[in-house]
Amino acid sequence: MDNLTIIEGSGDAAIADWLAGRLRDALGAKDGPVTITVPGGSTPFPIIAAMLEHDLDWTRLVVWPGDDRIVPEDHAASNTGRLRDLFEPAGAEVVTLTVMEAVPRFDLAWLGMGSDGHIASLFPNTDPRVDEPRAILRLTPDPLPPEAPFDRISLTLPSLLASDALVFVVRGDEKRVVLDQAIAGQHDLPVARLLKAATQPVTCFT
């Protein structure tokens, strides 16, 4: 993949600096809002907190969760609720995912990846397609992750691919093997389907 950059061993602060730099460039390149999508789970929130320490016009940022558990926003498992707690005090807008939302093109799509190769909530059992006509899906992972046994709502592969750049933060040896195999085209898990179809720059922090 000639559009792929892998950056090894970066901590939260270095990734936050990189993300802030991307946002600064996007804010400077146009008027109006800059729109990003961000992942849930435990990894991104310390990075987001560090990113928000940068002096940017956060009031121009619109944040979309890449996916969420179908729970109330005040539930501990809600990605959207946690994102609101971080971004809204800085002035950014956080969107609630619903199947009725019109999904924009993203200036940046930030993704994580599970050890089973899922991205957003596009688990292998959901058979995500790059030609999926829907922009947002409700779905049920199988098996349900025991730490978050909830139905999900998720952006689809075409929605994630409608972005100017993709960035992954993937940590742990088990996940790194899955990522490397996806890059090499050695399996057909959701992450591999996304990477195979991606034409924009892809940066992977591992």
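Which residue in β8 is the bridge partner of Asp 67? Select Asp 67 and look across: the partner is Ser 154.

Before moving on, note that this is a predicted model, in which local features need pLDDT of at least 70, side-chain atom pairs count only at pLDDT 80 or more, and totals for chains, interfaces and linings use all residues. Residues are numbered from 1 along each chain as its sequence is written, and side-chain values use heavy atoms, with hydrogens and water left out.

**Stop 1: the sheet**

Select strand β8, residues 152–155. Strands here are DSSP runs of E with at least two residues, helices are runs of H or I with at least four, and both are numbered from the N terminus. Add β4, residues 67–69. β4 and β8 pair in the antiparallel sense over three bridges. Two strands count as paired if DSSP finds at least two bridges between them. Asp 68 has Ile 153 of β8 as its bridge partner.

Now add β7, residues 136–139. Four bridges join β7 to β8, and these two run antiparallel. Find Ile 136, which stands opposite Leu 155 in β8.

Show the three strands together. They form an open sheet in the order β4-β8-β7, with antiparallel pairing. β4 and β7 stand at the edges with a single partner strand each, so one side of each has no neighbour in the sheet. The twist averages 15 degrees from one strand to the next. Strands of a sheet pair through backbone hydrogen bonds.

Go back to β8 and show its side chains. Both faces are covered. Arg 152 and Ser 154 are buried on one side, and Ile 153 and Leu 155 are buried on the other. Buried means under 20% relative accessible area, exposed means over 50%, and partly exposed lies in between (1.4 Å probe, protein chains only).

**Stop 2: Ser 159**

Select Ser 159, in helix α4. Is Ser 159 buried or exposed? Ser 159 has 6% relative accessibility, so it counts as buried. Leaving out residues up to four places away in sequence, Ser 159 touches Val 103, Phe 106 and Ala 135. A contact means heavy atoms within 4.5 Å.

**Stop 3: α6 and α5**

Select helix α6, residues 190–197. Six of its eight residues are buried, so α6 is largely enclosed by the rest of the structure. The buried ones are Pro 190, Val 191, Ala 192, Arg 193, Leu 194 and Leu 195. What covers them includes β6 (108–111), α4 (157–161), β9 (166–169), α5 and β10 (202–205).

Add helix α5, residues 173–183. The axes of α5 and α6 come within 8 Å and cross at roughly 40 degrees. Axes are lines fitted to C-alpha atoms, for helices over the stretch in contact, and angles run from 0 to 180 degrees between N-to-C directions. Leu 179, Ala 182 and Ile 183 in α5 meet Val 191, Ala 192 and Leu 195 in α6. The residues of this contact divide into six nonpolar, no polar and no charged. Nonpolar covers Ala, Val, Leu, Ile, Met, Phe, Trp, Tyr, Cys and Pro; charged covers Asp, Glu, Lys and Arg; the others, Gly among them, are polar.

**Stop 4: α1 and α2**

Finish with helix α1, residues 12–29, and helix α2, residues 44–51. Their axes come within 8 Å and cross at roughly 60 degrees. On α1, select Asp 12, Ile 15, Ala 16, Leu 19, Ala 20 and Leu 23. Their partners on α2 are Pro 46, Ile 47, Ala 50 and Met 51. By class, this contact has nine nonpolar, no polar and one charged residues.
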